[in-house]
Amino acid sequence: MAGLYINQHVLNNLFYILVGVFAFSFIYDHSAAIRRRPLYSRVLLGACLTLAAVLCMKFPIYIDPACVHDFRQVPFLLGTLYGGGAVGAVLLTMLMLARTILYGFQPLTLIVYAIMLAAAAVVSPLFRRLPRPSKLFTALGLTFLLAVLTTFVAVVIADFQVTKPYIIYFILMPPFVMMFAVYLMETLHEAQLARAELMKMEKMEIVSQLAASISHEIRNPLTVVKGFIQLLQTGPLPRETEERYIRIALEELERAEAIIRDYLTFAKPAPKETEPIDVAIQLQKVLQMIAPMAHMHSVDLSSSLDHGIVIGNVQYFQQCFLNLFKNSIEAMPNGGTLRVTAEHRGTAVVITVSDNGVGMTKEQVRRFGEPYFSTKEKGTGLGAMVAVKIIEQMGGTWNIESAVQKGTTLTITLPASRVQPPTAERSAAG
């Protein structure tokens, strides 16, 4: 028998309430101005729930000569509980205006909803501080008690006839509809908070990655400068050697300055110029930069470099292999040999970087190049990540072969180019 009362009109009223709740949540979530100003959010809440209440009245569930039954009290109580007495007063005004236009003025309706407004406005401050489970039961109980109370008042004042449809649609159904509406409001609000927190965490993660990346990239040239200064302190050196060390140290300081400048313009990166690069010359320069660090770690440098031309940015190319060489040296804490080879094979230039250090497991090889993954205790993994990104930007590929305690070999394949490098670089090659 109860199923007879769950008809199309009931579902329509439920739909109008859902539309009001979803409309408020959607607009609130997509408007920063409304979120920043509580007054705007209360106005929006009142407008959306007024629309829901008026639609419930316009398309009611049941009509008889004495009374119109619908779920208008649900959006009315919902707005008052979440928005306070001011929102409730606006809702009451709009409800009475719509009631008068649609069905004529009824003093009993004003009395009933004034009682609901007073009770809900008193409960509202406490209601908003409750956790979600308590809100659900509070909404259920309050709606039921107000329905019983206002029915009693209507019977006493106007000798109101309580019919079975009235009991179903005004006393029994609305509390459960109200509980569902509160559950939906809370779920949508929690989803908004979770998304805001996630966005905040993502921003903090970006800041953290940027800070760690800057620290990592600046450390490379500073390590080179430190190494050459230490070599200058070892004792008297030929003037030519001192000048060469000082020149390289100054170049690395300029590199650090350039890295800082690049990160300062990170939000609006400028297109990087590319040019033909002789890999033999540039790799030899990087080996010279890393030589002091290798000396400090008792690592021997061995190279066999064929001339081959690739297209890329010289600074990024050097940074890529400086990172890779540095990782290889740090993988040999007890000393060893770093071997670097470059071969021109038809349409490709193949560069191999191998060491006889601690090596990596299959899982570590698989995760090579991921940010914040490193085999070193205090490593960030950003050096390998930057190197991999540069290789991919140059249209290259890479492959790693490694065995624990036997060493690692990294093979990099870059597209070869027939374009000759700048005159100064060709002269240096000669």
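## Helices and charged pairs in a predicted model

N313 caps the N-terminal end of helix α11, with one of its side-chain oxygens lying 3.1 Å from the backbone nitrogen of Q315. The model in which this cap appears is a predicted one, and the values in this report were computed from its atoms.

The helix that N313 caps can be followed along its length. Helix α11 covers residues 314–330, and at 1.5 Å a residue its 17 residues should span 24 Å, which agrees with the 24 Å that separates its end C-alpha atoms. What does the count of buried residues say about the surroundings of α11? Since 13 of its 17 residues are buried, the helix is largely enclosed by the rest of the structure.

Near its C-terminal end we can look at a charged pair. The side chains of E330 and K326 meet in a salt bridge, with 2.9 Å from N to O, and both residues lie in helix α11, four residues apart, which is about one turn of the helix. Is each partner buried or partly exposed? E330 has a relative accessible area of 24% and is therefore partly exposed, whereas K326, at 7% relative accessibility, counts as buried because the cut-off for buried is under 20%.

### Salt bridges across the structure

Side chains of opposite charge can pair when their charged atoms come close. How many salt bridges does a search of the whole structure find? The search finds nine, and three of these pairs are listed here with their N to O distances.

| Pair | Distance, N to O |
|---|---|
| D29 and R195 | 2.8 Å |
| E190 and R132 | 3.6 Å |
| E330 and K326 | 2.9 Å |

The side chains of D29 and R195 meet in a salt bridge. This pair links distant parts of the chain, for D29 belongs to helix α1 (residues 8–29) and R195 to helix α8 (residues 164–233), and the two residues are 166 residues apart. D29 counts as buried at 17% relative accessibility, while R195 is partly exposed, with a relative accessible area of 39%.

Helix α8 also takes part in the pair formed by E190 and R132, whose side chains meet in a salt bridge. E190 lies in helix α8 and R132 in helix α7 (residues 132–158), so the pair ties together parts that are 58 residues apart in sequence. Both partners count as partly exposed: E190 has 35% relative accessibility, and R132 has 24%.

### Helix α1 and buried places

D29 leads back to helix α1, where the expected and the modelled spans can again be set side by side. At 1.5 Å a residue, the 22 residues of α1 should span 32 Å, and its end C-alpha atoms are 31 Å apart, which agrees. The buried residues of α1 include V10, Y16, F24 and Y28, and D29 also belongs to this group.

Another buried place is found at S124, which sits in helix α6 (residues 107–129) and counts as buried at 0% relative accessibility. What does S124 touch, if residues up to four places away in sequence are not counted? The answer is T80, L81 and G84.

Two cysteines can be described in a similar way. C48 is buried, with a relative accessible area of 8%, and C320 counts as buried at 2% relative accessibility. A search of the whole structure finds zero disulfides.

A further residue, Y62, lies in strand β1 (residues 62–63) and counts as partly exposed at 32% relative accessibility. Y62 and P165 are 103 residues apart in sequence, yet their C-alpha atoms are 7.6 Å apart in space.

### The protein as a whole

These local details belong to a protein whose secondary structure comes to 14 helices and nine strands. Of its 430 residues, 45% are buried, and its accessible surface comes to about 22,800 Å², with 63% of that area belonging to carbon and sulfur atoms. When contacts between residues at least 6 apart in sequence are considered, 73% of them join residues at least 24 apart.

Terms used: Residues numbered from 1 in each chain as written. Predicted model: local features only at pLDDT ≥ 70, side-chain atom pairs only at ≥ 80, totals over all residues. Heavy atoms only, no water. Expected span 1.5 Å × (residues − 1). Buried < 20%, exposed > 50% of the residue type's maximum accessible area, 1.4 Å probe, protein only. Polar contact = N/O pair within 3.5 Å; in protein donor to acceptor, adjacent residues only side chain to side chain. Salt bridge = Lys/Arg side-chain N within 4 Å of Asp/Glu carboxyl O. Contact = heavy atoms within 4.5 Å. Areas by Shrake-Rupley, 256 points an atom, 1.4 Å probe, with all protein chains shown as cover. Disulfide = S-S within 2.5 Å.
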